[in-house]
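Please describe how the strands, aromatic rings and nonpolar cores of this chain fit together. Give the cut-offs along the way.

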Amino acid sequence: MKRFVLTAIALLMAGNALAQDIAREEIRRTAVPGSDTMEVVVFRLTVPVGATIPLHTHPGDEHTVVVTDARAEAPNGNIVEFAVGTPLYFPEGQVHGGLTNVGDAPMVAITTFVVRKGEPLTVLAN
């Protein structure tokens, strides 16, 4: 169940067909000390009620902390509840996403990516 919850929250981090509804505000971008190829990117992600994030991956690791209570529906119809402070981790290449915000308010999370520079931050999965 924990793996499912972790996979579910990662959905909150990608762009998608409803990307115009999802706000991803960049807070900080900086090089990883001692690396010419890696960077750290921090975002505040806001997913409005009814918005869905597609299955996706990243060119590095994603670390997320949920900052509002949230309720989401997975593709299989299961409802997932996220408490404030829920930490999530998605390693490079792990497909995650597919959640729809079915709560009463926007879902908000702070996402931190440690990714390769110059590559798309989010890659939609097939």
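A polar contact is a pair of N or O atoms within 3.5 Å; within protein, one must be able to donate a hydrogen and the other to accept it, and residues adjacent in sequence count only if both atoms are side-chain atoms. One example involves His58: a polar atom of its side chain lies 2.7 Å from the backbone oxygen of Leu121. His58 sits in the loop between strand E3 (56-57) and E4. His58 counts as buried because its relative accessibility is 4%. Buried means under 20% relative accessible area, exposed over 50%, and partly exposed in between (1.4 Å probe, protein chains only).

This is a predicted model: local features need pLDDT of at least 70, side-chain atom pairs count only at pLDDT 80 or more, and totals for chains, interfaces and linings use all residues. Residues are numbered from 1 along each chain as its sequence is written, and side-chain values use heavy atoms, with hydrogens and water left out.

**Sheets**

Strands (E, at least two residues) and helices (H or I, at least four) are DSSP runs, numbered from the N terminus. Two strands pair if DSSP finds at least two bridges between them. Five strands make an open, antiparallel sheet in the order E1-E2-E9-E4-E7. Its edge strands are E1 (23-31) and E7 (87-90), each paired on one side only. From one strand to the next, the twist averages 15°. Here axes are lines fitted to C-alpha atoms, for helices over the stretch in contact, and angles run from 0 to 180 degrees between N-to-C directions.

An open sheet of three strands follows the order E6-E5-E8, again with antiparallel pairing. Its edges are E6 and E8 (100-101), each pairing on one side only.

The table lists some of the antiparallel pairings.

| Strand pair | Bridges | One bridge pair |
|---|---|---|
| E2 and E9 | ten bridges | Phe43 and Thr111 |
| E4 and E9 | seven bridges | Glu62 and Phe113 |
| E4 and E7 | four bridges | His63 and Tyr89 |
| E5 and E6 | four bridges | Glu73 and Ile79 |

**Aromatic pair**

How many aromatic pairs does a search of the whole structure find? It finds one. Phe43 and Phe113 meet edge-to-face, 6.0 Å centre to centre, with 75° between the planes. Rings of Phe, Tyr and Trp (its six-membered ring) pair if their centres lie within 6.5 Å; planes under 30 degrees apart count as stacked, over 60 as edge-to-face and the rest as tilted. Phe43 lies in E2 (residues 38-47) and Phe113 in E9 (residues 107-116), so the pair ties together parts 70 residues apart in sequence. Both Phe43 and Phe113 are buried.

Phe43 has a charged partner too. The charged end of Arg24 sits over the Phe43 ring, 4.7 Å from its centre. A charge sits over a ring if NZ of Lys or CZ of Arg is within 6 Å of the ring centre and within 35 degrees of the ring normal.

**Nonpolar cores**

A nonpolar core is a set of buried Ala, Val, Leu, Ile, Met, Phe, Trp, Tyr and Cys residues joined through side-chain atoms within 4.5 Å. The largest has 15 residues. Ile22, Val47, Phe82 and Met107 have the most contacts inside it. E2, E5 (70-73), E6 (79-82) and E7 each supply at least two residues of this core. A second, separate core of five residues includes Val41, Phe43, Val115 and Leu121.
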